[in-house]
Amino acid sequence: MQAYVFYQNKIRVAIFMAVQTMRIIGTVGVAVLINLLIDAVSAAVAAQNVAPLMNCMLVCCLYAFTLGAVIFLSERLKAANIKHIMLRIRGGIMRGVLEKDLSDYQQKNSAEYIAFFSQNLSDFEENYLQNLVSIYDSFTGMVIAVFLLFYINPFIAVISIAAMSIPGLIPKIFGKKLGILQEDMMRNTEGYHAKIKDIFSGYEIIRAYRAEKQMEELHHDSSVLLENSKARTADTMACLHALANMASIAVQFLIMSLAGIFAVRGSITIGSIIAVTQLTGQVISPAFQLSAKISQLKGVRPVCEQMEANLLPADAGELKADLPEMERTLTLEDVSFAYDNAVVIDHVSLQFERGRKYAVVGRSGSGKSTLLKLLAGYYDSYAGRIVTDGESDRKTGAAWIHQEVFLFDDTIRNNITLYKPYDEDEIKRACHLAGLDDVLGRLPAGLDTEAAENGSRFSGGERQRIAVARAILHRKNLFLLDEATSALDSETTEFVEDSILSLENVTCIAVTHKLTPESLRKYDEILVMEHGKIVEQGSFDQLTAVSGTFAALYSR
């Protein structure tokens with residue numbers, strides 16, 4: 001993460017720090033000018049001559065104008081730097097998430113990722129980046145102010161430095177507790193986002209079963225947990241700030257009193273008293289604020305750790321290229337797989353050949369969908385070997401079409417092309433083969449019609465046809481179909497099946513529950529699964545000729 005914040009922004013950060021240092025010096029230097037101005041007033045009163053005072057006032061006006069310009073420039077540079085860093089970090093984290101294996105990605109709920117990109121990155125920007133700038137400002141301002149205090153009165157400077165040691169105790173008191181509270185707030189934020197996602201995703205079910213009151217109560221409970229964790233963090237920060245300000249004010253009163261004593265004895269001028277007051281405030285107050293900022297910086301550590309877990313290295317190249325296609329064979333050699341010690345695929349050995357069509361049938365829970373996921377590279381924790389074109393454990397590119405098709409909240413065109421450049425004729429051909437002509441013909445905007453959230457304006461069958469068009473357009477030579485035509489009517493099902501099964505040099509492995517002779521005779525081979533095993537395989541006529549598992553399924 002340091003590479004994203006500092007190493008890749010060396011020039012930007014160096015320019016900003018130079019301007020920021022000028023701003024700090026200028027801000028602290030105001031105390032010196034006030035000292036000169038008040039002493040000039042005293043001298044003008046004594047000499048009854050305002051000319052030196054007017055010259056001093058002119059210098060102060062020019063100083064104020066210059067300082068204002070520097071402050072404006074520093075704020076612009078700070079905003080530009082933070083924008084640049086946050087864009088790179090957001091991009092790096094998104095790339096890191098997109099590069100995850102599917103099995104790693106699915107270890108977290110999607111709501112956790114949403115909370116991370118919304119709440120946690122905002123916390124990082126505010127409590128880490130903004131805090132780093134504030135800490136630099138406070139520390140540099142304190143050093144310059146102490147130097148000027150030594151110039152005015154070394155004794156007062158020593159007392160100010162001694163008072164600065166008090167804030168060092170505060171992070172030790174609150175730092176660990178703030179870290180725990182931050183972790184708790186992260187968990188509750190993720191939980192709240194997950195609950196919101198569930199409620200909105202299941203809105204139709206909630207309304208159909210009149211479960212509004214129960215959902216409202218669940219939302220209230222989740223909201224209470226989130227707001228309580230925020231309140232506990234705010235209470236802790238309130239204690240920290242209260243202690244810091246109380247001690248800061250007390251120490252400033254002490255130093256002002258000492259400065260008054262030195263003025264009575266003639267050691268310093270009246271102007272120096274004002275300057276000491278100003279400079280002391282710029283030493284003591286930042287010192288106490290520094291302790292709070294360091295505590296906040298420690299409190300955001302869990303967020304930083306979570307970011308580093310997802311952040312792609314800053315020197316990483318482009319996103320992974322497309323997976324290589326299957327050219328000859330895809331083979332499973334004694335493959336087994338289990339979910340939480342429950343065996344789902346049990347010592348399966350199969351070979352799929354390029355261009356052939358396979359139907360996978362069996363009762364629910366027999367392992368059909370898991371078999372497809374293994375072929376698609378979802379899981380790495382299997383026993384045995386999956387060999388593509390003679391190369392072991394090499395993931396292969398595949399078009400996966402689910403029962404539940406996801407569509408982006410964008411046009412049909414972008415849902416089919418996935419924002420990649422394709423020729424218009426290619427897109428129309430894919431739509432035709434997927435049986436989308438009648439759907440597009442009813443839409444005034446055709447391919448440029450908005451699909452709405454998750455394709456809500458289309459039926460399940462229409463969404464599946466869009467998914468089929470997507471797979472055809474992207475020229476995948478391995479199709480994995482999990483009940484891909486389950487939501488289609490008989491006529492459209494036959495059309496889409498014929499379109500897919502007629503594609504030359506395309507291997508098709510389809511899980512299906514439609515055990516009709518018209519459909520199953522289109523496949524070169526039928527694989528029958530039971531309890532995670534392949535118990536039978538052969539053509540439709542071969543399997544119906546024997547009294548086996550397939551014959552029993554077919555007769556039902």
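In strand β2, the bridge partner of F337 is I345. In that strand Y339 likewise has a bridge partner, A342. The model that shows these pairs is predicted, so that local features require pLDDT of at least 70 and side-chain atom pairs count only at pLDDT 80 or more, while totals for chains, interfaces and linings use all residues. Residues are numbered from 1 along each chain as its sequence is written, and side-chain values use heavy atoms, with hydrogens and water left out.

Both pairs belong to the contact of β1 (residues 329-339) with β2, two antiparallel strands joined by eight bridges. Strands are DSSP runs of E with at least two residues, helices are runs of H or I with at least four residues, and both are numbered from the N terminus. Two strands are said to pair if DSSP finds at least two bridges between them. β1 and β2 form a hairpin with two residues between the strands, and D340 takes a positive phi near 50° there.

The hairpin is part of an open sheet of four strands in the order β2-β1-β4-β5, with antiparallel pairing. Its edge strands are β2 (342-353) and β5 (391-392), each of which pairs on one side only. Helix α12 (residues 368-376) packs on this sheet and touches β1, β2 and β4 (383-388), where contact means heavy atoms within 4.5 Å. The direction of α12 makes about 120° with that of β1. For such angles, axes are lines fitted to C-alpha atoms, for helices over the stretch in contact, and the values run from 0 to 180 degrees between N-to-C directions.

A second open sheet has six strands in the order β6-β7-β8-β3-β9-β10, and its pairing is mixed. The edge strands here are β6 and β10, each pairing on one side only. Neighbouring strands of this sheet are turned by 15° against each other on average, direction ignored. Helix α12 also lies across β3, β6, β7 (478-482), β8 and β9, running at about 155° to β7. Helix α16 (residues 460-473) lies across β6 and β7, and its angle to β6 is about 175°.

Within the second sheet, β3 (residues 357-362) serves as a useful point of reference. With β8 (residues 507-511), β3 pairs in the parallel sense over four bridges. In this pairing Y358 stands opposite I509, and A359 stands opposite A510. With β9, β3 pairs in the parallel sense over five bridges. Here V360 stands opposite L527, and the bridge partner of G362 is M529.

How many residues of β3 are buried? Six of its six residues are buried, and the strand is mostly covered. A residue counts as buried under 20% relative accessible area, as exposed over 50%, and as partly exposed in between, with a 1.4 Å probe and protein chains only. K357, A359 and V361 point one way from β3, whereas Y358, V360 and G362 point the other way, and all are buried.

Strand β9 (residues 525-530) is largely enclosed by the rest of the structure, because five of its six residues are buried. β9 also pairs with β10 (residues 533-538), in the antiparallel sense and over five bridges. In that pairing L527 stands opposite Q537. β9 and β10 form a hairpin with two residues between them, and H531 in the turn has a positive phi of about 50°.

Outside the sheets, helix α2 (residues 10-47) contains Q20. This residue is buried because its relative accessible area is 2%. Leaving aside neighbours within four places in sequence, Q20 is in contact with S74, V133, Y136 and D137.

At the surface, F406, F408, L418 and Y419 make a nonpolar patch of about 390 Å². F406 lies in the loop between β6 (399-401) and α13 (412-417). Because its relative accessibility is 48%, F406 counts as partly exposed.

Taken as a whole, the protein chain has 20 helices and ten strands. Buried residues make up 47% of its 556 residues. Among contacts between residues at least 6 apart in sequence, 77% join residues at least 24 apart.

Definitions and conventions: Patch = residues over 30% accessible without salt bridge, like charges linked within 9 Å, V, L, I, M, F, W, Y side chains within 5 Å. Areas by Shrake-Rupley, 256 points an atom, 1.4 Å probe, with all protein chains shown as cover. Salt bridge = Lys/Arg side-chain N within 4 Å of Asp/Glu carboxyl O.
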